[in-house]
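Here is a short briefing for a reader who is new to this structure. Look at the structure first, then work through the points.

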Amino acid sequence: MAGAKQHAHWSSRWAFMMAAVGSAVGLGNIWKFPYEAGSGGGGVFVLIYLFFIFFIGTPVLVAELSLGRRGQKSPIGSMEKIAKEEGKSKLWSLIGWSGVIGGFVVISYYSVVGGWTLAYVANAAIGAFEGVDKVSAAALFKEGLQQSETTMILWHAAFMFITIGIVAKGVEDGLEKAVTFLMPALFVLLLFMVIYAAVTADFLKALDFLFWPRAKDLTVDVALNALGQSFFSLSLALGSIMTYGSYLTKDVSIGKSAVTIAAADTLVAIMAGLAIFPLVFTYGLKTGEGPGLIFATLPIAFGSMDFGVIIGTLFFTLLAVAAITSAISLLEPAVSYVEERTSLSRRQVAIALGVAAFLIGTLSAMGMPGNSLGDVSIFGMNIMDAKGYITNNVMMPLGGLFIALFVGWFISRKTMMEELAMSEPSFRIWYLLVRFVCPIAISVVFVTVAFG
Ligand code: TRP
């Protein structure tokens, strides 16, 4: 391409929706949501989570998409441009910086877990789940993967390789094709898993656990985790959504899109919970199992059902796809920034940043308990958990807070009205949420955690 680089655009509203849902729906829904809910006591976590998704996350999603579309650049470029247009400080571009850097930190560990899903595609396909029980399923995960550094790093490399390949091709060729068919397929298979769990396992107990809040489980940490998880699941505040917004054309309704994205994302998370917790109770696993939860439960189900090899392989394949479409959106902000500021091609930038993220990610892999860097402790956490904590519980809520403040108080109401083109009542509700409810709720959670 000669001359100035053109900023790309989605080919249709459908393509945008699939890409945005592809970004939102990922390991966060199927891997992280169940174990966070499990560790957070179930019902209380889910209730707070739903509140955050609809009253905080969705308004911030609208805000972030509109910043991207208004800016038409990478998150850093967009924030600089809008701040300038509105006559506000250049410091607001820090929102963009925090997004680009945070996204990069997340992709570096996200890709390790993405590697686990690929490893499980292989495990399922060779029949490794056949007849496994609680003990052997746990061993398959711990000894077979987590504590075998080379295996884990090879799968991590494979995952990153695919992600880089798609990002290098660009949004239209690479991404759109991958998401339009595979996201619906994942949904159907997940539905099957829920039905399977409902028929064969203790579904009522799972319903009770997930939807009946018990007051004793309510702690500030649970609230902060639910806040972080709601932002993580919607891909907020780390540049992904702003970048995808920048590829949007003016004719798309941001409000409607955001509600659809949030609804689809929440549905998938709840379905994952409904597929997994009946098995957890029936097989006597711990709800607070942690990051290994789905890897310790689902194989038992696949190992005992008819056609388990095929269904298990398909399930983990689609999970890997969901993870890849999210990983793409995590790498994309940094790639779009470097591409915008240098004369390098998208391909070169994607490879350079992808390899860097892979290398930083290997530290997370080596930092798993029992591995070579397993003793490294950052604020009492291993490397992977520390990265997760800093991004989920600090950078994302802070990023969301500043996005809400910027859009609600520093950009003119007129600009936002024009950008969103919503009906007057919807705009009012959104504006109220973004100006008051979001900043106050996020601050309350923060202050309570800091001084509680
Ligand atoms: N939302 C994705 C998931 O649930 C992960 C993700 C993609 C993300 N882009 C993001 C998380 C940006 C935070 C910010 O798996």
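What follows covers three helix pairs and a cavity.

This is a predicted model. A search of the whole structure finds 1 cavity of 30 Å³ or more. Helix α5 recurs below: α5 packs with α4, α5 packs with α6, and α5 helps to line the largest cavity.

**Helices α4 and α5**

- Helix α4 spans residues 75-85 and packs with α5 at an angle of about 170°.
- Their axes are 7 Å apart.
- Angles over 145 degrees count as roughly antiparallel, so α4 is roughly antiparallel to α5.
- On the α4 side, the contact uses P75, I76, M79 and E80.
- On the α5 side, the partners are S93, I95, G96, W97 and V100.
- This contact of α4 with α5 has 6 nonpolar, 2 polar and 1 charged residues.

**Helices α5 and α6**

- Helix α5 covers residues 93-125, and helix α6 covers residues 134-146.
- The two pack at an angle of about 120°, and their axes lie 12 Å apart.
- The pair α5 and α6 is therefore oblique.
- The crossing of α5 and α6 is right-handed.
- From α5, the residues W116, A119, Y120 and N123 take part.
- They meet A137, L140, F141, L145 and Q146 in α6.
- The contact of α5 with α6 holds 7 nonpolar residues, 2 polar ones and no charged ones.

**Helices α17 and α18**

- Helix α17 runs over residues 413-420, and helix α18 over residues 424-451.
- They pack at an angle of about 125°, with axes 11 Å apart.
- That angle makes α17 oblique to α18.
- The crossing of α17 and α18 is right-handed.
- Helix α17 brings R413, M416, M417 and L420 to the contact.
- Helix α18 brings E424, F427, R428, W430 and Y431.
- By class, the contact of α17 with α18 has 6 nonpolar, no polar and 3 charged residues.

**The largest cavity**

- The largest cavity holds about 140 Å³ of space.
- It is lined by 18 residues.
- Closest to the centre of the largest cavity are S23, Y110, F232, S235 and L330.
- Several helices each supply at least two residues of the lining: α1 (13-24), α2 (27-39), α5, α10 (220-233) and α14 (308-341).
- The lining of the largest cavity divides into 9 nonpolar and 9 polar residues, with no charged ones.

**To recap**

- Which way does α5 lie to each partner? Helix α4 is roughly antiparallel to α5, whereas α5 and α6 are oblique to each other.
- The contact of α17 with α18 includes 3 charged residues, while the contact of α5 with α6 has no charged ones.

Conventions. Residues are numbered from 1 along each chain as its sequence is written. This is a predicted model: local features need pLDDT of at least 70, side-chain atom pairs count only at pLDDT 80 or more; totals for chains, interfaces and linings use all residues. Side-chain values use heavy atoms; hydrogens and water are left out. Axes are lines fitted to C-alpha atoms, for helices over the stretch in contact, and angles run from 0 to 180 degrees between N-to-C directions. Helices (H or I, at least four residues) and strands (E, at least two) are DSSP runs, numbered from the N terminus. Angles under 35 degrees count as roughly parallel, over 145 as roughly antiparallel, 65 to 115 as roughly perpendicular and the rest as oblique. A crossing is left-handed if the near helix is turned anticlockwise from the far one by less than a right angle, and right-handed if clockwise. Contact means heavy atoms within 4.5 Å. Ala, Val, Leu, Ile, Met, Phe, Trp, Tyr, Cys and Pro count as nonpolar, Asp, Glu, Lys and Arg as charged, and the others, Gly among them, as polar. On a 1 Å grid over the protein atoms alone, a cavity is a set of points where a 1.4 Å probe fits but cannot get out, and a pocket is an open set with protein on both sides within 12 Å along at least five of seven lines; lining residues have an atom within 4 Å of a point. Grid points are joined across faces, edges and corners, and a volume is the space filled by probe spheres set on the points.
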